[in-house]
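Me: Please take a close look at a single part of this model and describe it in one connected account. I should like the definitions of the terms stated as they arise.

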Amino acid sequence: MRQIEKVAVLGAGVMGATIAAHLANAGLEVLLLDMVPRELSQEEQTSGLNLENPQVRNRVAQNGLQGLLKMKPAPLYLKEFAAQIEVGNFDDDLGKLQQCDWVIEVVIEHMPIKKELFAKVVPHLAPGAILSTNTSGLSVNEIAKTLPSEVRKNFLVTHFFNPPRYMRLLEIVPCNDTDPAIVSGLGEFISRRLGKGIVYAKDTPNFIANRIGVYAIYKGIEHMVEMGMTVEEVDSVAGPATARPKSAAFRTSDLVGLDTLAHVGNNSYELLPNDEEREVFRVPGFMTRMIEQGLLGNKSKAGFYKKEKVDGKRQIFYYDYRNGEYKPAERPKFPSVQAVKQVDDPAQRVKMVIAGNDKGSEFAWKSLRDTLIYTVNRIPEIADDVVNVDNAMKWGFNWEIGPFEMLDAIGVQTFVQRAEKDGIAVPAALKSVETFYRFNQAGQKEYYDLLSGEYRQVEVKAGQIDLQILKKAGGVVEKNANCSLIDLGDGVFGFEFHSKMNAISGDILSMTHKAVQRAESEGVGLVIGNQGNNFSVGANLMLMAVALAEGAYEDINMMVRSFQKATMAVKYAKVPVVAAPFGMTLGGGCEFSLHADAINAYAETYMGLVEIGVGLLPAGGGTKEMCLRAVELARQYDTDVTPFLFKNFQQIGMAKVSMGAAELRDMGYLRAGDSISMDADRLIADAKQKVLGLAVNYRPQRPVENIPAPGRSIAASIKSQLWNMQMGGYVTEYEAQMGGVIADVITGGDVPAGTLISEQYLLQLEREAFMSLCGNKKTVERIQHMLKKGKPLRN
């Protein structure tokens, strides 16, 4: 397959533009084309332009590009990445396709329009260029009929999910003539360079994720009506309680758009005449009426839910399909759902909820039962194996576990017996399955192949380290309840957190020293990383709350000392330590990362020092580290430290969190030599490679001495600004007080500018400031409020 450096995107609507944005995120050059307008806009007429002006002719694509800068959530990692996108139009710029290695069609989902565009595009393709369509369900072989044989070899579906930056799934569907090398090569490129989770689907309507996901929603509607439930009651069950996203069924429908949901349903109904559940895809009458009334979901600000202000307060309403009116949300609480609120394991939640005896439990069982049976019946129609189906639902619909993993959670034969007791026909293939996934004696993960009736190894792609497989294979060197030390091979150890939300507890702090010592004595370096939902949300505040309630301030002081000793052990290890953060990396999780020799972050890393949210300051070395980094920059550029210090203070004082790893460089959290991985599956392996690179000529660091303190004058300047903000009503007296405490620490204490201080002195200032804030009544109230809201962590 040819090297891909420049990509053309044909179609600059929301989907086309956001695909272009993500290609730019990956560092690719992008050509974004769309139609030539047929008439002038009012603004163009006023400016004296005509239909021949390039500005007018490129207007549609230019508007698509400009829209990226305003869109939320942001499709671009950084706004300046938009400079990598060149705009043009279908009439004037098809010749530029000769320079493109990959051309992606993203126009309206209408076969004649797609075929017409491809006829125009084909003569301009470079030899060997890849051509793909982003169709969400039209037949790739039907489109391929219009293409020359040489082009068909390089033609396939690359179906991005919306929004492309954030949704990991990409479905690849080859046509009958697609070169297998193109399928595998492009899949590897998209995985590595764009960070996508690849599933291989077949040329069937709506492919894998939309076929199963939309069926689940429509079948849920059917059961809802039969059981007389409300959309709000259904969503209370069809979300995290049953291992699905918080948006559940109807909030997901609002997000996608009811018109889009109806389109997928109609597409399935029309194109699947032999589907045993075809009638399920018939759009319900009440949903048709909603669409006719413009109740399309989030895009129209009203769908199954809407928000309005009542007496000055925002209130949520849900749609009552029985009378077509909106009713105030009631927040239903089924006992079966409440019972799993604190259960972390999604498989256990599913098992517990369907075992309940209330209406919510009954709905959960019926809807899952029918969805899982429907899914089993789709193999080999939509995919050849269960792994592709499970991944499609996890990556495309944000299910925590896939359909076949749900069957394992319930127990396959337990499921079969209960379904048959309901009088439901169960697929014959299901009756001989003990479990769909297992680990063999060598620690390799296997899946049950429904076609052959044998177990096959789950493929681990090149460049991936799967910690679960390593642990099953005996790679655990040492562990406790909340963390493990794992042998990653080649002398590199992995320090894995696996506590609730990967919150940092006392046993993680103590294991940090063992991890460092083991790497120093038996290896060449250490990776701090895990493969949970988030790197770490910070220190667990429950212990803090208990100590505060008991007045055990000495215990709190010891906790802070332990935290500081752990992060300093990371910083001054005699072997390189690389942190591999991803997702939420907050508070203490951020502090662990800042003390590593290097950071290899996942592209979607949301990092920040957020302790001020509970009335505290970063005291695991975070405030100290941001002081050191400000001083280091001032020395490097031989300039005043004040602007660097002000910036770092603001980030702590405003609890700023990055909206992606690319923002961490400007925040000063990523430095020269740090890197970003696009593919989550390769994150640990990439961090390991960084350790091995550093280990070749590693020079351990020494605790920093003789630091010229920024001094009390800068602290006074910060406090002066805080006072002005307090007088203007922008911050409260308490917030100004907290800011003043942080200012005193980050500037090096009550000393003249230039006074030589040490790293240990700054850590002492952190501890003292932290303890002083712990004694503040409002800080205690904030922590208690967080716990009452069910958020016992630094977030």
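Reply: **Strand S4 and its partners**

Trp 102 has Ile 130, in S5, as its bridge partner. The model is a predicted one, in which local features need pLDDT of at least 70 and side-chain atom pairs count only at pLDDT 80 or more, while totals for chains, interfaces and linings use all residues. Residues are numbered from 1 along each chain as its sequence is written, and side-chain values use heavy atoms, with hydrogens and water left out.

Strands here are DSSP runs of E with at least two residues, helices are runs of H or I with at least four, and both are numbered from the N terminus. S4 (residues 102-105) pairs with S5 (residues 130-133) in the parallel sense through four bridges; pairing requires at least two DSSP bridges between the strands. Strand S1 (residues 6-10) also runs parallel to S4, and four bridges join them. Within that pairing, Ala 8 is matched with Val 103 of S4.

The side chains of S4 divide between two directions: Trp 102 and Ile 104 point one way, Val 103 and Glu 105 the other, and all are buried, that is, under 20% relative accessible area (1.4 Å probe, protein chains only).

Helix H5 (residues 111-121) completes a right-handed β-α-β unit with S4 and S5. Right-handed means that, with the strands pointing away from the viewer, the path from the first strand over the helix to the second runs clockwise.

For context, the protein has 32 helices and 25 strands, and 56% of its 795 residues count as buried.

Terms used. Buried means under 20% relative accessible area, exposed over 50%, partly exposed in between (1.4 Å probe, protein chains only).
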